[in-house]
Amino acid sequence: MYDALARLSSQIPEAYEHASEFGDLHLGDLHLLEITGEDEENKDGNVNQWVALAVVQTYNPRRKVPRSSISIPELEQCLSKASFSAAQKSASIHMPRIDHQNGSDRSEGYSVERLIRKYAAAYMA
């Protein structure tokens, strides 16, 4: 996913790296980045594009599996923030499909889809 975002704009990985360096990545945080059109990949300067990075997993390089499972409560918090911001900017939200596996390897895709539907409609009026 980050490769696709890096192709959209080099600003995205740079901002993520800076947030990591300064200890600004906390569960439940939503980092909203405006893509300015300065990159070769994003030539259309007339269109405002925003990317939201949701922090919904922990990372520890010492663990056998360094990334934790997706935290559903933090995902819900981030979706609420993203839908509120999108409504304020009269924007739409586009995101990849997220399939969450709980500790028993049972897919919780329905829970994730339900949250997305809930917050996609929350601020549309």
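pLDDT is the predictor's confidence in each residue, from 0 to 100.

**Figure 1. Overall fold of the predicted model.** Four helices and two strands make up the secondary structure of the chain. Starting at the N terminus, the order of these elements is α-α-β-β-α-α. The chain has 125 residues, of which 29% are buried. Its exposed surface is about 8800 Å², with 50% supplied by carbon and sulfur atoms. Of the contacts between residues at least 6 apart in sequence, 49% link residues at least 24 apart.

**Figure 2. Confidence along the chain.** Mean pLDDT is 80, and 78% of the residues reach 70 or more. Helix α3 (residues 72-88) has the highest mean among the elements, 91, and helix α4 (residues 109-122) the lowest, 77. Where pLDDT is low, the predicted coordinates should not be read in detail.

**Figure 3. The largest nonpolar core.** Ten residues form this core: L30, V56, I70, L75, C78, L79, A82, V112, L115 and Y119. Helices α3 and α4 each contribute at least two of them. The largest share, four residues, belongs to α3.

**Figure 4. Surroundings of L79, and a second core.** Leaving aside residues up to four places away in sequence, L79 touches M95, L115, I116 and Y119. A separate second core has six residues, among them L5, I12, L33 and L53.

**Figure 5. K89 and the ring of W50.** The charged end of K89 lies over the W50 ring, 4.3 Å from the ring centre. As for pairing between aromatic rings, the structure holds zero such pairs.

Key. Residues numbered from 1 in each chain as written. Predicted model: local features only at pLDDT ≥ 70, side-chain atom pairs only at ≥ 80, totals over all residues. Heavy atoms only, no water. Phe/Tyr/Trp six-rings, centres within 6.5 Å; stacked < 30°, edge-to-face > 60°. Lys NZ or Arg CZ within 6 Å of the ring centre and 35° of its normal. Buried < 20%, exposed > 50% of the residue type's maximum accessible area, 1.4 Å probe, protein only. Contact = heavy atoms within 4.5 Å. Areas by Shrake-Rupley, 256 points an atom, 1.4 Å probe, with all protein chains shown as cover. Core = buried A, V, L, I, M, F, W, Y, C linked by side-chain atoms within 4.5 Å.
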